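Here is a friendly walk through one structure. Take a look at it first, then read on.

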Amino acid sequence: MITIAAVAGAAAVAALSLPLDSPGIGWLITAIAATAAVSVAGVAKITTGPPPLVMRPIPWPRAEQFGWAAATIALIAVGTFRSAGWLFALCVVVATLTTALTLVDGRSMRSISVAYLMPLLAPLRALPWLARGLSRPDSGNTTRVRVVATAAVSVFLLLAFGALLASADSTFADALERLVPDLGVDTVFRWIFLGGFAALGIGGAAYLRVAPPDVSRLDRTEGRKVHRWEWAVPLSLLTVLFGLFVAVQAVSLLRGDLGVQEYADEARSGFWQLSWVVGLTLIVLAAAARWAPRAQATDRLLIRVILGALTVLTLVIAATAIHRIVLYTAEYGLTRLRVLVFCCELWFVFVLLLVLIAGRRIRAPWLPRVAVAAGVAALIGLAVANPDGMIAERNLQPHGDRPIDLGYLGDLSPDAVPALTESDRLTNDQLLCVLGRLNTGAMATTDDWRDWNLGEARARVLIATHGNPRVDCTP
């Protein structure tokens, strides 16, 4: 009953607190409630009948799983401090991966992939499990009646005393009115939808917490071996191809054949090219660990030389792409896409360095988890750095005759308002134009408490000090 009550309580918190269309503190409250519910989940203790022949204790989470859980909370907490919707959406997507790694202890790429799918399938097993908990013979009707009576008394007390206190003080009545939404049809339907969806997800997570699947068999990298020439020849040819590409890039860079605009085109296409290159390098490493023979010293030497050369050449390609995006950003300014491209390329470089380190012992079961952890840490660091604020600050710096794009500045999130108000490059009319464009839509209305976040609250205060403009006069 404790597990069922915890899942139901967390689902109720999600239904009341979760804002679906914007970041806000409601996401953090829901994440904390769900984490608490999953933490207290357990199996029913047998109190009647003969004792079971086999007891399956709930495994204690590893220290690494506690780290993934903390990363999940940190990613969801971004919506409490930043108002940039694109950044929070990215954090929510990555939080689904860290949640899966919290519940299922995946280590290799195969087990991590399976762990990511487990939370999607777990609700199908959790529904009958929770249903059996509700219909346990030893729980008795008396317990269920007491639970219902306790809930009814609690609701009655809150309604009665809440109404009295609201009528006694207008300030408390206003606060209570903001906390309690209007009980319309759309609100009730939203509660039912969010509560049911949250109950499925939290119930599945509780099921995985109590009975986690064993994915350790997927972590084995030893498989059927092939002859050394069957993998060494194609990978050697691939290394030569990479070497030719790097040589052409070096000659072009030294001669200065590409202008700024050509660098822009190459930077965008090179990002996707680099993604494929890094993916190919990781796949090659995984294939070599599984199929390339390494019993003899010659085999191990071939693995180190070929894969090492391929990784080093990929690092050179990554450095070239980073150089181009830096030049392009310095010439044309910073945008959200360019920030993401730059961060992704730095993460690719880090993964390639991990591949080189792994080549020392050939076998590296830690590499996938360290790569994922580095990506999560980079995303959290980006949120702390306030990317929209950085974009506004960078684009307001003088650079030749480049004009200030007031329209793009007005399309940023309220996180950019502090940088805009502190800059001395905007005239008062330009600043009012940008602030007026930002102070529309959701910013112009009083937010519900579920949507509250620190970035938007600070922006409202700063905009109010400049007359609270609401006229969009940007081109």
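Contact, or touching, means heavy atoms within 4.5 Å. With that in hand, start at Leu-87, which touches Val-78, Arg-82, Leu-379, Leu-382, Ala-383 and Pro-387, leaving aside residues up to four places away in sequence. This is a predicted model, where local features need pLDDT of at least 70, side-chain atom pairs count only at pLDDT 80 or more, and totals for chains, interfaces and linings use all residues. Residues are numbered from 1 along each chain as its sequence is written, and side-chain values use heavy atoms, with hydrogens and water left out.

Now for the cores. A nonpolar core is a set of buried (under 20% relative accessible area, 1.4 Å probe, protein chains only) Ala, Val, Leu, Ile, Met, Phe, Trp, Tyr and Cys residues joined through side-chain atoms within 4.5 Å.

| Core | Residues | Some members |
|---|---|---|
| Largest nonpolar core | 42 residues | including Leu-87, Ala-392, Leu-409 and Leu-420, which touch the most other members |
| Another core, apart from it | 26 residues | among them Val-38, Ala-41, Ala-198 and Leu-208 |

Next, meet Leu-28, which sits in helix α2 (a DSSP run of H or I, at least four residues, numbered from the N terminus). Is Leu-28 buried or exposed? Leu-28 counts as buried because its relative accessible area is 16%. Not counting residues up to four places away in sequence, Leu-28 touches Ile-73, Ile-76, Ala-77 and Thr-80. Leu-28 and Leu-75 are 47 residues apart along the chain, yet their C-alpha atoms are separated by 9.2 Å.

Conventions
Buried means under 20% relative accessible area, exposed over 50%, partly exposed in between (1.4 Å probe, protein chains only). Helices (H or I, at least four residues) and strands (E, at least two) are DSSP runs, numbered from the N terminus.
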